[in-house]
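Trainee: I have not looked at this one before. Can you walk me through it?
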Amino acid sequence: MIDTIVVVEKGRIGNWINGGNSPSAANEYLPIFSPYTGKTIGECPLGGTKDLDQAVKAAENAFPAWKKTSIKDRVQVLFNLKRLLEENLDELANLASLECGKLFEEAKAGILKGVEILEYACSVPNKIAGEFLEVSNGITCRISREPLGVIGCIAPFNFPNMVPMWSLPIALVCGNTAVLKPSEQVPLSSMRLAELFSQAGLPDGVLNVVNGSAEMVEAICDHPGIRALSFVGSTKVAKIVYTRGSASGKQVLALGGAKNHLVIMEDADPDFSPQQIVNSVTGCAGQRCMAASAIIAVGDCDHLIEKMVEYASGFDIGRSMGAIINEASIARITQYINDAEAAGATILVDGRGRKPGDDVPAYANGYWMGPTIIDHVRADMPAACEEIFGPVMTIVRVKTLEEALAIENSSSYGNAAAIFTASGAPADYLIEHASAGMLGVNIGVPVPREPFSFGGWNDSKFGGGDITAEDGINFWTRKKKVTTKWVFPKNPNWMS
Ligand code: NAD
């Protein structure tokens, strides 16, 4: 699919404020590179407080009218947006591929997963109806859900459409107005998404996009006008955002990094499992928080590993696996492989230095590597316990399932864990003992589909609840409890 990526040049971008493009006050701009070509496709402002103040002001001004708009009317915008996302799917997927390095089909899948959440958000009017009870004679209590006000949403580079869609549709349909801060490495998709929201009928100022990096994130954490904040990114930054945002009185949900374990049992289906396991760590070139990169092989799994090696060795770079986000990431990933090799691990498939074939010369200077499988890794080696965020699979060999789960449990992360087996008992054992929020049985990427919520445990998430589905409704609203009495008894007791 490599030939379908069309290179577009976007030039210097600004922000999206009050329903239109708005120049940034930033002094500094960062080149936006396409991982496919290594060439600049635009420039992203490194904005800060000045830009943010403007965006928050627009969101504050838009809030009263948007809150007053009935939820049945608010949801119409989301129905329109769904149609627009589907009509513009190819163009959006091309843009996401171009700035993020994904394969075209992967970029499409990311958008369609966003659409699935949008569909869930379209059902919110049917879910958000309040509770009502006559609690004693003539006295009623009711609960309604109220929007919070201006909310913030900070996204990572690896899913330029899907991650903003984890938060925005639910937050907006619940009556909030928003400021989105995409990754400075992939700001183009968010700017286009904001444009489509406008086209769908979202009133000016309800969604704003500010561009920048750490300085902008800190400004968002500190801004008194922002009431709640979702963050998705690395654990290091998730901790900063959770602590700093909470300290300034915000409700914060911060999703962090991951190191997901995948246990292989000897009886795993030999035809189905090897490809699925390799696909888990090579999808999006391993740059996804659900990639199962830490394999634990229980017993004699050589017959499965041989097939994994055969499959991974046949990858056509650029066609069966996309690019790496930047050169620094290639250096980091390569270092993990070098260190594991130096520490005595065996490289079964070596992705270092691999590039697309000569038939696509335009991509010769892109950021590429191939799938890598490292066997006989010790569980305490950095490659086996730190997040590599690249297409690198480590295999730790153990004798028992108990040993496998002890390794899984020792991880500070807790996003996902999976098992490949033909038997129920080991699957049940993993489900009972894994210390992770999202588990898979014979599924390498156990992302829950809507209406099930998304979110990990431990150092993979800071804050209560998950980010999507009903937890999303809870996170982006607060309850108002009203007790009403219209009868005035002559001899009241404690209940009247
Ligand atoms: P990142 O943490 O570097 O960046 C995320 C956001 O934080 C960006 O918008 C960036 O501008 C900002 N940022 C970066 N450094 C900062 C700093 N020092 N202070 C304040 N803000 C800062 O993450 P990334 O490289 O864009 O994305 C990859 C990471 O995201 C991986 O760790 C991956 O596991 C994680 N991720 C997690 C999930 C999840 O659901 N748990 C989903 C997607 C990605």
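Mentor: What follows goes through some sheets, helices and single residues of a predicted model.

Trainee: Start with the sheet of three strands. In what order do the strands come, and is the pairing parallel or antiparallel?
Mentor: The order is S6-S7-S21, the sheet is open, and the pairing is antiparallel. Strand S6 (131–136) and strand S21 (477–485) are at the edges with a single partner strand each, so one side of each has no neighbour in the sheet. From one strand to the next, the twist averages 25°.

Trainee: How many bridges pair S6 with S7?
Mentor: Five bridges, in the antiparallel sense, and S7 covers residues 139–147. Leucine 133 stands opposite cysteine 141 in S7.

Trainee: What about lysine 480, where does that sit?
Mentor: Lysine 480 is in strand S21. Its relative accessible area is 44%, so it counts as partly exposed.

Trainee: Which residues is lysine 480 in contact with?
Mentor: Setting aside neighbours within four places in sequence, lysine 480 is in contact with Arg142, Ile143, Ser144 and Glu146. Take isoleucine 143: it is 337 residues from lysine 480 in sequence, but the C-alpha to C-alpha distance is 5.5 Å.

Trainee: On to the other sheet, the one with seven strands. What is the order there?
Mentor: S15-S16-S17-S14-S13-S18-S19, again an open sheet, with mixed pairing. Strand S15 (346–349) and strand S19 (438–441) stand at the edges, and each has a single partner strand, so one side of each is left without a neighbour in the sheet. On average, neighbouring strands are turned by 20° against each other, direction ignored.

Trainee: How do S14 and S17 run, parallel or antiparallel?
Mentor: Strand S14 (residues 294–298) and strand S17 (residues 392–398) run parallel and are joined by five bridges. Alanine 294 stands opposite threonine 394 in S17.

Trainee: Which helix packs on that sheet?
Mentor: Helix H12 (residues 327–342) does, touching S15, strand S16 (372–375) and S17. The direction of H12 makes about 25° with that of S16.

Trainee: And H10, how many of its residues are buried?
Mentor: Seven of its ten residues, so helix H10 (residues 273–282) is mostly covered, taking buried to mean under 20% relative accessible area. The buried ones are Ser273, Pro274, Ile277, Val278, Ser280, Val281 and Thr282.

Trainee: What covers them?
Mentor: The cover includes H4, strand S13 (261–264), S14, helix H11 (302–313), S17 and strand S18 (416–420).

Trainee: What comes after H10?
Mentor: Cysteine 284 follows H10, and its phi is positive, near 55°.

Trainee: You mentioned H4. At what angle do H4 and H6 cross?
Mentor: Roughly 15°, and the axes of helix H4 (residues 104–122) and helix H6 (residues 162–173) come within 9 Å. The two helices are therefore roughly parallel to each other. Their crossing is right-handed.

Trainee: Which residues make the contact?
Mentor: H4 brings Gly110, Lys113, Gly114, Ile117, Leu118, Tyr120 and Ala121, while H6 brings Met162, Met165, Trp166, Pro169, Ile170 and Val173. By class, there are ten nonpolar, two polar and one charged residues in the contact of H4 with H6.

Trainee: There is a lysine in that list. Is lysine 113 buried or exposed?
Mentor: Lysine 113 has a relative accessible area of 13%, so it is buried. Not counting residues up to four places away in sequence, lysine 113 touches Met162, Val447, Pro448, Arg449 and Glu450.

Trainee: Now H8 and H9. At what angle do they pack?
Mentor: At about 35°, with the axes of helix H8 (residues 214–222) and helix H9 (residues 235–247) 7 Å apart. The contact is made by Val217, Glu218, Cys221 and Asp222 of H8 and by Val241, Arg244 and Gly245 of H9. These divide into three nonpolar, one polar and three charged residues.

Trainee: Last one, threonine 40. Where is that found?
Mentor: In strand S5 (residues 40–45). Threonine 40 is partly exposed, at a relative accessible area of 37%. Leaving aside neighbours within four places in sequence, threonine 40 is in contact with Glu9, Pro31, Ile32 and Phe33.

Trainee: How far apart are threonine 40 and lysine 10?
Mentor: They are 30 residues apart in sequence and 9.4 Å apart in space, C-alpha to C-alpha.

Key:
Residues are numbered from 1 along each chain as its sequence is written. This is a predicted model: local features need pLDDT of at least 70, side-chain atom pairs count only at pLDDT 80 or more; totals for chains, interfaces and linings use all residues. Side-chain values use heavy atoms; hydrogens and water are left out. Two strands pair if DSSP finds at least two bridges between them. Helices (H or I, at least four residues) and strands (E, at least two) are DSSP runs, numbered from the N terminus. Axes are lines fitted to C-alpha atoms, for helices over the stretch in contact, and angles run from 0 to 180 degrees between N-to-C directions. Angles under 35 degrees count as roughly parallel, over 145 as roughly antiparallel, 65 to 115 as roughly perpendicular and the rest as oblique. A crossing is left-handed if the near helix is turned anticlockwise from the far one by less than a right angle, and right-handed if clockwise. Contact means heavy atoms within 4.5 Å. Ala, Val, Leu, Ile, Met, Phe, Trp, Tyr, Cys and Pro count as nonpolar, Asp, Glu, Lys and Arg as charged, and the others, Gly among them, as polar. Buried means under 20% relative accessible area, exposed over 50%, partly exposed in between (1.4 Å probe, protein chains only).
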